[in-house]
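Reader: I would like a close look at one part of this model, namely its charged side chains and how they pair. Please take the pairs one by one and then turn to any charged residue left without a partner.

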Amino acid sequence: MKKTLAWILALLLVSSALLLTACENGKSIVGTWVQVGENNTYIFHEDGTGEHNQPLHKIDITYTIDGDTITINDKSLWVIDKTETYTFEIDGDTLRLTKDDTTLVFNRQTAAE
């Protein structure tokens, strides 16, 4: 009985951590984001995995969030894994990823699109 309770508590803690990882200020990054003016899409899943889709290829990614910072690790088979860290902000259905002096703007893709 104690082992079962311990497993349930461990699962609850892991689930809570994953949910907190996917949210910033109560706004979830989970979903599909299309870059404004570009053919560049990120798909973020709740479990810290996702996809980075570009015109000629799809790359599997993993990501972590720490406060207002997101670290995205591209898992490309063609090159050495690439890790990028951005400051991010979600305002409604707009995601801004900022690194140095460059900001990439994405809109959340809804089911109707």
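Author: In this predicted model, the count of salt bridges comes to three.

One of them joins Lys58 to Glu51, with an N to O distance of 4.0 Å. The cut-off for a salt bridge is 4 Å, and the pair of Lys58 and Glu51 is listed at 4.0 Å. Lys58 is exposed, because its relative accessible area is 51% and the class begins over 50%. Glu51 also appears among the contacts of Ile43, a residue of strand S4, which covers residues 41-44.

A second bridge is formed by Glu84 and Lys99, whose closest N and O atoms are 2.4 Å apart. This pair links distant parts of the chain: Glu84 belongs to strand S8 (residues 82-91) and Lys99 to strand S9 (residues 94-99), with their positions 15 residues apart in sequence. Lys99 has a relative accessible area of 30%, so it counts as partly exposed.

The remaining bridge is between the side chains of Asp93 and Arg108, at 3.4 Å from N to O. Here too, distant parts of the chain are linked: Asp93 sits in the loop between S8 and S9, while Arg108 is in strand S10 (residues 102-108), and the two are 15 residues apart. Asp93 is partly exposed, with a relative accessibility of 42%.

Asp74 is the unpaired case. It is found in strand S7, residues 69-74. Asp74 is buried and has no salt bridge, and the nearest side chain of opposite charge is that of Lys82, 4.2 Å away. Since a salt bridge needs a nitrogen to oxygen distance within 4 Å, the separation of 4.2 Å leaves Asp74 and Lys82 outside the rule. Lys82 is nevertheless in contact with Asp74, as are His52, Ile59, Asp60, Ile61 and Asp81, leaving aside residues up to four places away in sequence.

Ile61 ties this site to Ile43, since Ile61 touches Asp74 and is also listed among the contacts of Ile43; both contacts rest on heavy atoms within 4.5 Å. Ile43 itself is buried, with a relative accessible area of 17%. Apart from residues up to four places away in sequence, Ile43 touches Gly31, Thr32, Thr49, Gly50, Glu51, Asn53 and Ile61. The C-alpha atoms of Ile43 and Trp33 are separated by 6.2 Å, although the two residues are ten apart along the chain.

Notes:
Residues numbered from 1 in each chain as written. Predicted model: local features only at pLDDT ≥ 70, side-chain atom pairs only at ≥ 80, totals over all residues. Heavy atoms only, no water. Helix = DSSP H or I, 4+ residues; strand = E, 2+ residues; numbered from the N terminus. Buried < 20%, exposed > 50% of the residue type's maximum accessible area, 1.4 Å probe, protein only. Lys, Arg positive; Asp, Glu negative; His and termini not counted.
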